Amino acid sequence: MRFFLVLALLLTSVLLGVPDPALAQSSGPVQELSADLHDAQRAHLWRVAAWGGANVLGGLALSGASSRTGASAARWNFGAMSAGWGAVNIGIAAVGLATTPDAPLTDPAAALAAERQFHDILLFNLGLNVAYSAVGGTLLAAGYRGVDAAARWRGFGSALILQGVGLFVLDGIAFVASRTRLSSLLDATAALSFHATPTGIALSLSL
């Protein structure tokens, strides 16, 4: 009878939102994973910014050393496109860094939602990166088939392929890490277990 009374009280406290000591102790792993997410987001954005900066500097240098017409026209267009994409990447990274919370989340539900959002954004970006490379490959192939301004097509196509591959690598690294954290968060925020207490057996539910 005592066991059923304790079980009923614990289930009632969960349904009414009354915190259970065992539940409070389970927030440690969630906070650690949330801190990992916070650090991973900022590290990823800094990598994107560094990639963008390298493209801006390299693209401008290449364009400056090439001619917009003639034999080096493809290099000029490649440099111009790379510099433009680099500037966009720097802007995206800057906005992301400015809007990223200064401290990790402490609420388990909010931490899980934030990780899922980051995971889904990276997955979407991976698809976009493949599309960039596919479009670039199409432009590059067309540039060798006698189209007008063929050098521009080849330059732009090569730059798009480079951007797609580079961003795919960066997003892929962050995506794999996010999947690992997401799996751990799901385990940490949805754990059901029994443990012994001085009055019998208690049920601990982590949400």
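In the predicted model, Asn 125 is partly exposed, with a relative accessible area of 23%. The residue belongs to helix α5. Although 50 residues separate Asn 125 from Phe 175 in sequence, their C-alpha atoms are 9.8 Å apart in space. Phe 175 is also among the contacts of a second residue of helix α5, His 119, once neighbours within four places in sequence are left aside. The other contacts of His 119 under that condition are Ser 178, Arg 179 and Leu 182. His 119 is located in helix α5, which covers residues 108-142. With a relative accessible area of 8%, His 119 counts as buried, whereas Asn 125 is partly exposed.

Helix α5 also takes part in a salt bridge. The structure holds one such interaction, and the side chains that form it are those of Arg 181 and Glu 115, at an N to O distance of 2.8 Å. Because Arg 181 is in helix α6 and Glu 115 is in helix α5, the pair ties together parts of the protein that are 66 residues apart in sequence. Arg 181 is buried, its relative accessible area being 8%. Glu 115 is likewise buried, with a value of 0%.

Helix α6 spans residues 150-189 and includes Val 169. This valine is partly exposed, at a relative accessible area of 45%. Together with Val 165 and Ile 173, Val 169 makes a nonpolar surface patch of about 260 Å².

The loop between α5 and α6 contains Ala 149. The phi angle of Ala 149 is near 50 degrees, which is a positive value in a residue other than glycine. Ala 149 is partly exposed, with a relative accessible area of 44%. Elsewhere in the model, the charged end of Arg 154 sits over the ring of Tyr 144, at a distance of 5.1 Å from the ring centre. As for pairs between aromatic rings, a search of the whole structure finds one.

Ser 72 is described next. For this residue, the C-alpha atom is 8.3 Å from that of Ala 151, and the two residues are 79 apart in sequence. Ser 72 is buried, with a relative accessible area of 11%. When residues up to four places away in sequence are not counted, Ser 72 touches Ser 66 and Ser 67.

Helix α3 comprises residues 27-64, and Gly 64 lies within it. Gly 64 is exposed, with a relative accessible area of 67%. The C-alpha atoms of Gly 64 and Ala 80 are 9.4 Å apart in space, and the sequence separation of these residues is 16. Helix α3 also contains His 38. In contrast to the exposed Gly 64, His 38 is buried, with a relative accessible area of 11%. Apart from neighbours within four places in sequence, His 38 is in contact with Thr 100, Pro 101, Asp 102, Ala 103 and Pro 104.

At the level of the whole protein, the secondary structure comes to six helices and two strands. Read from the N terminus, the order of these elements is α-α-α-α-α-α-β-β. The protein has 207 residues, of which 36% are buried; among the buried residues are His 119, Glu 115 and His 38. The protein exposes about 11700 Å², and carbon and sulfur atoms supply 70% of that area. Of the contacts between residues at least 6 apart in sequence, 73% join residues at least 24 apart. The salt bridge between Arg 181 and Glu 115 links parts 66 residues apart in sequence, since the first residue lies in helix α6 and the second in helix α5.

Terms used
Residues numbered from 1 in each chain as written. Predicted model: local features only at pLDDT ≥ 70, side-chain atom pairs only at ≥ 80, totals over all residues. Heavy atoms only, no water. Helix = DSSP H or I, 4+ residues; strand = E, 2+ residues; numbered from the N terminus. Buried < 20%, exposed > 50% of the residue type's maximum accessible area, 1.4 Å probe, protein only. Contact = heavy atoms within 4.5 Å. Phe/Tyr/Trp six-rings, centres within 6.5 Å; stacked < 30°, edge-to-face > 60°. Lys NZ or Arg CZ within 6 Å of the ring centre and 35° of its normal. Areas by Shrake-Rupley, 256 points an atom, 1.4 Å probe, with all protein chains shown as cover. Patch = residues over 30% accessible without salt bridge, like charges linked within 9 Å, V, L, I, M, F, W, Y side chains within 5 Å. Salt bridge = Lys/Arg side-chain N within 4 Å of Asp/Glu carboxyl O.
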